Amino acid sequence: MPAGNTIACAIGTAADFAAVCTLERVAGGQQIVIHHPDGGFRRLSLDPATGTLAALDGAEPVVIEQGQGVLQVAVGPDRYRIPREPAAQPTP
């Protein structure tokens, strides 16, 4: 897995959340890449002023659900729980 913070995700229809995805911040924090344990990923752009996310890797829209302490995001059948406050990146 690439360097980043572990986040909870549910990959695929009817999957349960598990802390098995990695959140990587790129392009100066303007984009995030969520890596799946199977090697797949989602690339999202982040507007720092509004917190709006948009998918960069396909035509499926990002659906945002508010949650306490996390931003729950769905792209197609996949769901992710992204911490509202960015955690410190691990040191290599």
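# Briefing on an eight-stranded chain

Among contacts in the chain between residues at least 6 apart in sequence, 28% join residues at least 24 apart. The model is predicted. The chain has eight strands and zero helices, so its elements, read from the N terminus, run β-β-β-β-β-β-β-β. Of its 92 residues, 30% count as buried. About 5300 Å² of the chain is exposed, and carbon and sulfur atoms supply 55% of that area.

**The sheet**

- Eight strands make up an open sheet in the order β5-β4-β3-β2-β1-β8-β7-β6, and the pairing is antiparallel.
- Its edge strands are β5 (53-55) and β6 (62-66), each of which pairs on one side only.
- On average, neighbouring strands of this sheet are turned by 35° against each other, with direction ignored.
- Strands of a sheet pair through backbone hydrogen bonds, in either a parallel or an antiparallel way.

**Pairing along the sheet**

- At the β5 edge, strand β4 (residues 41-46) pairs with β5 in the antiparallel sense over three bridges.
- Leu44 has Ala55 of β5 as its bridge partner.
- Strands β1 and β8 run antiparallel and are joined by three bridges.
- Ala8 stands opposite Arg81 in β8, and Gln72 also stands opposite Arg81.
- Six bridges link β7 and β8, which run antiparallel; here Val70 has Pro83 of β8 as its bridge partner.
- Strands β6 and β7 are antiparallel too, with five bridges between them; Val63 is partnered by Ala74 of β7.

**The disulfide**

- One disulfide is present in the structure.
- Cys9 and Cys21 form this disulfide, with their sulfur atoms 2.0 Å apart.
- Cys9 belongs to strand β1 (residues 5-10) and Cys21 to strand β2 (residues 18-26), so the pair ties together parts that are twelve residues apart in sequence.
- The disulfide is right-handed, because the torsion about the S-S bond of Cys9 and Cys21 is about 85°.
- Both Cys9 and Cys21 are buried.
- In general, a disulfide is a covalent bond between the sulfur atoms of two cysteines.

**The nonpolar core**

- The largest nonpolar core contains 15 residues, and those with the most contacts inside it are Ile34, Leu53 and Ile82.
- At least two residues of this core come from each of β1, β2, β3 (31-35), β4, β7 (70-75) and β8 (78-83).
- Strand β7 gives the largest share of the core, three residues.
- Beyond its neighbours within four places in sequence, Ile34 is in contact with Ile7, Cys21, Thr22, Leu23, Gly40, Phe41, Arg42, Leu44, Tyr80 and Ile82.
- The contacts of Ile34 thus include Cys21, one of the two disulfide cysteines, and Ile82, which is listed with Ile34 among the core residues with the most contacts.
- In soluble globular proteins, nonpolar side chains tend to be buried together.

**Strands β7 and β8**

- Five of the six residues of β7 are buried, so this strand is largely enclosed by the rest of the structure.
- Strand β8 has two faces: Asp78, Tyr80 and Ile82 are on the covered one, while Arg79, Arg81 and Pro83 are on the uncovered one.
- Ile34 is in contact with Tyr80 and Ile82, two residues of the covered face of β8.
- Arg81, which stands opposite Ala8, belongs to the uncovered face.
- The hairpin of β7 and β8 has two residues between the strands, and in it Gly76 takes a positive phi near 60°.

**Loop residues**

- Ala14 is found in the loop between β1 and β2.
- Phi of Ala14 is near 65°, a positive value in a residue other than glycine.
- Ala14 counts as exposed because its relative accessible area is 73%, above the cut-off of 50%.
- Gly29 lies in the loop between β2 and β3.
- With a relative accessibility of 23%, Gly29 counts as partly exposed, a class that falls between the buried cut-off of 20% and the exposed cut-off of 50%.
- Gly29 and Leu46 are 17 residues apart along the chain, and their C-alpha atoms are separated by 7.5 Å.

Note on methods: Residues numbered from 1 in each chain as written. Predicted model: local features only at pLDDT ≥ 70, side-chain atom pairs only at ≥ 80, totals over all residues. Heavy atoms only, no water. Disulfide = S-S within 2.5 Å. Helix = DSSP H or I, 4+ residues; strand = E, 2+ residues; numbered from the N terminus. Buried < 20%, exposed > 50% of the residue type's maximum accessible area, 1.4 Å probe, protein only. Contact = heavy atoms within 4.5 Å. Areas by Shrake-Rupley, 256 points an atom, 1.4 Å probe, with all protein chains shown as cover. Pairing = 2+ DSSP bridges. Axes fitted to C-alpha atoms, helices over the stretch in contact; angles between N-to-C directions. Core = buried A, V, L, I, M, F, W, Y, C linked by side-chain atoms within 4.5 Å.
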